[in-house]
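Here is a short tour of one protein model, from its confidence to one of its sheets. Have a look at the sequence and structure first.

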Amino acid sequence: DPATATAKARVASNGQIDINGTATAPTTIRGSVMPGFGATSVVTGDVQITGTQTPALAVTELPEVDVPAMTQETGVLYSRATPLVYPGGRLALTFLELAPNTQAVVSGPAVLVLDRLTVQPGAELTFDTTTGPIELYVKDELVLASGSTLLTPGVSPRSLAIQIPTTATGEVRLDASSQFYGVLYAPGATVTVGQGFEVFGSLVGGLVQYGGPATLHFDEHLADLTYESSLPLLVSWRILSLGSNDSNINQDPFTILGVDKLTLDAPYKSYEDQWLDIKYVDTSSVTRSYSGLESGFDWTQVQSVISASYDGTTVTDTNPSTSTKKYRAVF
């Protein structure tokens, strides 16, 4: 609901972002738009963006999809009146195609690998994650035809992941009627989204294009998971003896480490940019809000801070010179 949604959505690209809207079909992004490094966002028509439009500081590398190695069984063209049910587990087929007016249900936990998935008009496919998570890998083509229906009864986007590797050569078309709760990751594909396909979660494609008015709701917790996965993971530890004490403690630490300090970054460059959400009173005594990278925020315009958070963590000390920030090691 645009009236109640938080302003933390992120629409990002490694290239230019084109956004347009009309008086009868306006576009609203409650959050920020981030075009690629050195690129811009092109906005035309009736468009509202509540956040920033600052370009990315670097190109985002999209990791390749790691498709599980499984022995594939013969493909299935299903045309019976009774529903087709996969109760879970691991299954690999060369293809799965649902003929018009048929039904199929995949229950989690499940890992399903297909070369091709086709849901024809009038057919209904259900991914039931209420019993466990589902991972679907489509190696070549995914077509949810106009007039078909995709159901995801579970409301946690973390429980359903559809992944398409960059080696896929077929089309990826999401024309089904659906309130899709999940993640669709197709880093090398052109993804076409129909106006009846409403996403609750996240959508990544080599190129994403909408065939009409569309609605996408970003799940903020997915960003938290992405951040957590980027942190170092403790694998093991052990205690090492430092040997005999060295009484000479006046040695130059750069010499001990074999580091040329003239080639190191200056301390001020150690600051790592963070996502800032802030409500404040500016120097003209006007209450304002900002959501975006802190590098794009002008602290000199702040008279007083009402509330603020860095990367989703609320802070009480909002003085930019003393507040908690992230740093990388600098000598």
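## Confidence and fold

In this predicted model, residues 1–6 have a pLDDT that stays under 50, and the model gives them 5 contacts beyond four places in sequence. A further stretch, residues 224–228, also has a pLDDT below 50, with 2 contacts beyond near neighbours in sequence. Where pLDDT is low, the predicted coordinates should not be read in detail. Across the protein, pLDDT averages 81, and 80% of the residues score at least 70.

Now to the overall make-up. The protein has 2 helices and 25 strands. Of the contacts with a separation of 6 or more, 41% are between residues 24 or more positions apart. Some totals for the protein are set out here.

| Property | Value |
|---|---|
| Buried residues | 36% of the 331 residues |
| Accessible surface | about 19100 Å² |
| Share of that surface from carbon and sulfur atoms | 53% |

One sheet is worth a visit. It is open, has 4 strands in the order β8-β10-β12-β14, and is paired in parallel. Which strands stand at its edges? They are β8 (84–86) and β14 (149–151); each has a single partner strand, so one side of each is left without a neighbour in the sheet. Neighbouring strands of this sheet are turned by 10° against each other on average, ignoring direction.

At the β8 edge, 3 bridges link β8 to the parallel strand β10, residues 103–107. Within this pairing, Tyr86 has Val106 of β10 as its bridge partner. In general, strands of a sheet pair through backbone hydrogen bonds, either parallel or antiparallel.

Notes:
Residues are numbered from 1 along each chain as its sequence is written. This is a predicted model: local features need pLDDT of at least 70, side-chain atom pairs count only at pLDDT 80 or more; totals for chains, interfaces and linings use all residues. Side-chain values use heavy atoms; hydrogens and water are left out. Two strands pair if DSSP finds at least two bridges between them. Axes are lines fitted to C-alpha atoms, for helices over the stretch in contact, and angles run from 0 to 180 degrees between N-to-C directions. pLDDT is the predictor's confidence in each residue, from 0 to 100. Contact means heavy atoms within 4.5 Å. Buried means under 20% relative accessible area, exposed over 50%, partly exposed in between (1.4 Å probe, protein chains only). Accessible areas come from the Shrake-Rupley method with a 1.4 Å probe; for residues, only the protein chains shown count as cover.
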